[in-house]
Amino acid sequence: MKFLAVTNESLEQGAKILKSGGLVAFPTETVYGLGADAFNAQALAKVFQVKNRPSFDPLIIHIAQIETLEKVSDLSLLDEETRKKLFILTENLWPGPLSIILPKHKNIPGIATAGLQTAAIRFPDNEAAQKLISLSTGAVAAPSANLFGGLSPTRAEHVKNGLGEKVDMILDGGSSRIGLESTVLDITGDCFKILRLGGTPKEAIERLIGNVEVVSPAGESSAEDNSALASPGLLKSHYAPRTPLYVLKREEIINKTYEQNSVFLFYNNSARDEWIKAKKINETAIIRVLSEAGNSLEAASRFFETLHELDNLNVSQIYAQLAPNEGLGDAINDRLKRGSAKNK
Ligand code: TXA
Ligand code: MG
């Protein structure tokens, strides 16, 4: 496995590996992706194998030019009105953390979409990712570059620790700017649905195209039976650290006495300060704060990174505060709830 910083040469090498059917982990603005040529069924099969990913969970196809959209999706299957809305969305939100579910093009092997007639398409807002994709076949299928069900990687080191020698190359482009996966929006049905909350807030979408529905938010989903899922990213347990994670509302964490060998992850300084004032703390307490001022963008960008760090401390449990429901708060809470779903 080659571990290289992003440069013109390493991107060219990476593109060569992709074109010959290999796997390249690369940075995006959301999380690191595990890339394979989207037109190569064998390369795509390797992605599932390396991630230990169930074959019912479809991949996201990444493009780096709007013209490529027609090579990966069959837009003629959309009605006029939907095509107009798609255009508004791509004009305003691409490149960016939004994956759009569209009718799939026949050129995309069925394994990429888990046999579905639809495909999730995304144009990432990261220069290295765009160059890599452009230098390859123009379409790169990439799930998050972690083992299935675990924490998503926001640094090249996370990929190395999680997948290591199983990939051909890891391109190091520093920390992911957004730090949460893309929002997944399905526009193929009668009403538009968010299948996964993520880096593009629901409000940003609704401002452009009107109301959208959020399907089965974390905590409300009872779907253990995956066949019933609109999107397997909706699995009740997902994004889980190895260390048992428990989520608490603001009042709950403030009233919780520190437990030895635990970590307290506060959303902001104000909750932490109240907790300290309430004297629930002891001297050896391990505490982290996602965003001192409670900014949801900052909190999101630190979210997986902080959980990776805490997961490596070998403590017995992580207690985390839920975010307020604003900005990327809902997407953070979605990850927290799924990451803690096993511990109830
Ligand atoms: O930000 C991201 O989206 C990152 C970076 C690498 O781009 N990728 C990512 O991929 O998070 P992954 O595989 O971890 O998550 C893909 C999600 C899953 O929840 C999957 O079920 C959903 O997208 N998805 C993909 N294709 C779909 C389809 N045709 N219909 C419904 N859901 C789909
Ligand atoms: Mg993932």
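Here are two short exercises on this predicted model, each with a worked solution.

Ground rules: residues count from 1 along each chain as its sequence is written, and chains are lettered from A, with ligands numbered from 1, in the order in which they are written. Local features need pLDDT of at least 70, side-chain atom pairs count only at pLDDT 80 or more, totals for chains, interfaces and linings use all residues, and side-chain values use heavy atoms, leaving out hydrogens and water.

**Exercise 1.** Work out which residues of helix α2 are buried, and what covers them.

*Solution.*
- Step 1: α2 spans residues 41-51; helices (H or I, at least four residues) and strands (E, at least two) are DSSP runs, numbered from the N terminus.
- Step 2: Ala43, Leu44, Val47, Phe48, Val50 and Lys51 are buried (under 20% relative accessible area, 1.4 Å probe, protein chains only).
- Step 3: their cover includes β3 (33-37), β7 (139-141) and α6 (156-163).
- Step 4: now check what follows the helix. Just after α2, asparagine 52 has a positive phi of about 65°.

**Exercise 2.** Classify the aromatic pair of tyrosine 239 and phenylalanine 304, and place both residues.

*Solution.*
- Step 1: the structure has 10 aromatic pairs (Phe, Tyr or six-membered Trp ring centres within 6.5 Å; planes under 30 degrees apart are stacked, over 60 edge-to-face, the rest tilted).
- Step 2: tyrosine 239 and phenylalanine 304 sit 6.1 Å centre to centre with 45° between the planes, so the pair is tilted.
- Step 3: tyrosine 239 is in the loop between β11 (213-214) and β12 (245-248), while phenylalanine 304 is in helix α10 (residues 296-311), 65 residues apart.
- Step 4: tyrosine 239 is buried at 3% relative accessible area, and phenylalanine 304 is buried at 0%.

Conventions: Buried means under 20% relative accessible area, exposed over 50%, partly exposed in between (1.4 Å probe, protein chains only). Contact means heavy atoms within 4.5 Å.
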